[in-house]
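Here are my notes on the model you asked me to look over, set out as numbered points so that each can be checked against the coordinates.

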Amino acid sequence: AILLYLDDPYLRNLHWRPLVFWAAVPGIVLFVLALLFLDESPAYYVVQGRPDRALRVLEHAAWLNGFEGSVAFDATAPVAPTGAGCNLEATMTVFNRRHAYTTITMVFAAFVVNFVYYGFIYALPQVLVGMDLPVSPAVNILIACLMELPGFAFGIYIGQTMDRIPSMTFYLGGIIFSEVVFILGAGVLTGELRLDGWTTETAQWTVVAGVNINRVIISDGWTVV
């Protein structure tokens with residue numbers, strides 16, 4: 001969003017090559033840092049026959065979390081049952097009579113959160129260009145991105161205070177609500193929808209509210225799912 005604002009706040013004359021280049025820089029930096037400092041899984045080291053390295057990783061994790069107890073483990077114990085996760089029969093366990101409903105629900109919830117999140121990322125810049133809003137499209141996108149931060153905090157709170165089903169119901173209902181708000185505001189603002197008593201300013205702020213509510217709820221969805 002910052003790069004879009006610096007290139008063209010109204011998103012009409014963007015230079016895609018510099019945008020792609022600079023957008024890739026943080027990922028490259030994080031990749032290098034991960035190679036240098038990110039520890040492998042202890043289970044991976046055990047499978048590779050390097051229990052001493054696995055123990056060092058566990059000791060480092062304990063130090064980071066302020067744990068002062070022993071992290072010693074039995075390196076001869078199997079990491080997982082032989083063949084688990086390596087055949088179709090084991091994979092299909094999540095679709096048996098006991099787990100099928102939960103699996104389908106989680107797949108649907110994950111599909112919705114990905115579809116809405118990445119759909120908005122793709123469509124929002126193109127849609128906002130044609131709307132007369134209080135601030136430029138790039139600023140609207142930047143504000144929407146910042147709204148994800150309280151959304152994650154809200155998602156953590158919801159996850160700790162609500163059961164999984166009510167929290168997922170809340171997130172899916174919030175997605176529907178934010179989409180309806182956005183559609184109403186955008187419809188009035190573009191002249192495709194007429195609502196009595198709605199002014200241009202009302203429609204503008206309804207669009208802004210729909211976008212930002214969506215960003216908060218979708219971040220909550222990432223946390224819950």
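The points below take the pockets, then one loop residue, then one pair of helices.

1. Please keep in mind throughout that this is a predicted model, and that the volumes, contacts and angles quoted here were computed from it.

2. The largest pocket has a volume of about 470 Å³, and 17 residues line it, of which Ala1, Leu4, Ile121, Ile141 and Cys145 are the closest to its centre. When you inspect this pocket, it may help to begin from those five residues and work outwards along the helices named in the next point.

3. Several helices share in the lining of the largest pocket: helix H1 (2–7), helix H2 (16–37), helix H6 (100–128) and helix H7 (137–146) supply at least two residues each, while the largest share, 5 residues, comes from H6. In terms of residue class, the lining of the largest pocket consists of 15 nonpolar and 2 charged residues, with no polar ones.

4. The second largest pocket holds about 240 Å³ of space, and H6 appears again in its lining, where H6 and helix H9 (164–189) each supply at least two residues. H6 gives the most, with 6 residues. The lining includes Tyr101, Thr102, Thr105, Met106, Phe108 and Ala109, and also Arg164, Ile165, Met168, Thr169 and Leu172. By class, the lining of the second largest pocket divides into 7 nonpolar, 3 polar and 1 charged residues.

5. Is Ser136, which sits in the loop between H6 and H7, buried or exposed? Its relative accessibility is 8%, and because a residue under 20% counts as buried, Ser136 falls in that class. Apart from its neighbours within four places in sequence, Ser136 is in contact with Tyr5, Pro9 and Tyr10.

6. H7, which also contributes to the lining of the largest pocket, packs against a further helix: the axes of H7 and helix H10 (residues 200–224) come within 8 Å and cross at roughly 35°, and this crossing is right-handed. On the H7 side the contact is made by Asn140, Ile143 and Ala144, which meet Val208, Val211, Asn212 and Arg215 in H10. Sorted by class, the residues of this contact are 4 nonpolar, 2 polar and 1 charged.

Definitions and conventions:
Residues numbered from 1 in each chain as written. Predicted model: local features only at pLDDT ≥ 70, side-chain atom pairs only at ≥ 80, totals over all residues. Heavy atoms only, no water. 1 Å grid on protein atoms, 1.4 Å probe; cavity = no way out; pocket = protein on both sides within 12 Å on 5 of 7 lines; lining within 4 Å. Points joined across faces, edges and corners; volume = space filled by probe spheres on them. Helix = DSSP H or I, 4+ residues; strand = E, 2+ residues; numbered from the N terminus. Nonpolar A, V, L, I, M, F, W, Y, C, P; charged D, E, K, R; others polar. Buried < 20%, exposed > 50% of the residue type's maximum accessible area, 1.4 Å probe, protein only. Contact = heavy atoms within 4.5 Å. Axes fitted to C-alpha atoms, helices over the stretch in contact; angles between N-to-C directions. Left-handed = near helix turned anticlockwise from the far one by under 90°.
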